[in-house]
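Please find below a colleague's note on this structure, set out as numbered points. The sequence and the coordinates come before the comments.

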Amino acid sequence: MTVLLVEDDRLLAETLVDALQLGGHRVRYLADGLEAHASLDTADHGNDLILLDLNLPGCSGLDVLETLRRHDRDTPVLILTARGAVEDRVRGLDLGADDYLAKPFALDELEARIRALLRRRGRHQTLQVGPLRFDVLAQRFSLADEALSLPPREQRLLACLMRHAGEPVDKARLAEEAFQGESMGDNAIEVYVHRLRKRLSDDGIALRTVRGIGYLLEAS
């Protein structure tokens, strides 16, 4: 899962990033409201869950949330807010937040709420391209109803391609979304794409190279 953390308290943010990564999540981190606004002002923002502080520099978390919900009603949003800010919590829930957590909070409670939100979302989130299926919550692939076991990096790359099925995705975007936080050159991505092609060949799935643009996953 890719979690976007929007939090301007750097010490808290570092703690949360470490905890989330230990829990197996990929984490994107932003500290500025304007950056978060720009990042989420698109239907294709690439996040599976958003942890959103409300008191942000540049642009409030409520404004960020309102912008997100204009085009995305599905991605879970967990608000992080000061304990006494009742009005902000109510406003956030009215704008489409799924849950809130008052600071200070225990990491165990945060992790439990994240699991609950992802379970709720995962009940109705399965990606499918032809005979290829991806259970987002369980992080499992199947091809023609047979389990498809992949190494972690190939799994992350294929999940990213499935989220963008039917449209070409360039290498820079793949590196950011599938391998965020890792040093990943163009040649490495080409190697993983080549391996995926071999695994998917002759099974009703095509992973094509769109010259000068990137890679396109589609049912053949």
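1. Phe134 has a relative accessibility of 2% in this predicted model. Since the limit for a buried residue is under 20%, Phe134 counts as buried.

2. Which two rings form the stacked pair? The structure holds 1 aromatic pair. It is made by Phe134 and Phe141, whose ring centres are 4.3 Å apart and whose planes stand at 15°, so the pair is stacked. Phe141 is also buried, with a relative accessible area of 4%.

3. Ser142 belongs to strand β8, which spans residues 140-143. With a relative accessibility of 18%, Ser142 falls in the buried class, for which the cut-off is under 20%. Leaving aside residues up to four places away in sequence, Ser142 touches Pro131, Leu132, Arg133, Ala147 and Leu148.

4. The structure holds 1 cavity of 30 Å³ or more. The largest cavity encloses about 60 Å³ of space. Its lining comprises 10 residues, and those closest to the centre are Asp48, Phe134, Val136, Gln139 and Arg163. Phe134 of the stacked pair is thus listed among the lining residues as well. By class, the lining divides into 5 nonpolar, 2 polar and 3 charged residues.

5. Regarding confidence, the mean pLDDT of the chain is 87, and 93% of the residues score at least 70. Among the elements of the chain, strand β3 (residues 49-53) has the highest mean pLDDT, 96, and helix α7 (residues 171-178) the lowest, 82. Predicted coordinates should not be read in detail where pLDDT is low.

Notes
Residues numbered from 1 in each chain as written. Predicted model: local features only at pLDDT ≥ 70, side-chain atom pairs only at ≥ 80, totals over all residues. Heavy atoms only, no water. Helix = DSSP H or I, 4+ residues; strand = E, 2+ residues; numbered from the N terminus. Buried < 20%, exposed > 50% of the residue type's maximum accessible area, 1.4 Å probe, protein only. Contact = heavy atoms within 4.5 Å. Phe/Tyr/Trp six-rings, centres within 6.5 Å; stacked < 30°, edge-to-face > 60°. pLDDT = per-residue confidence, 0-100. 1 Å grid on protein atoms, 1.4 Å probe; cavity = no way out; pocket = protein on both sides within 12 Å on 5 of 7 lines; lining within 4 Å. Points joined across faces, edges and corners; volume = space filled by probe spheres on them. Nonpolar A, V, L, I, M, F, W, Y, C, P; charged D, E, K, R; others polar.
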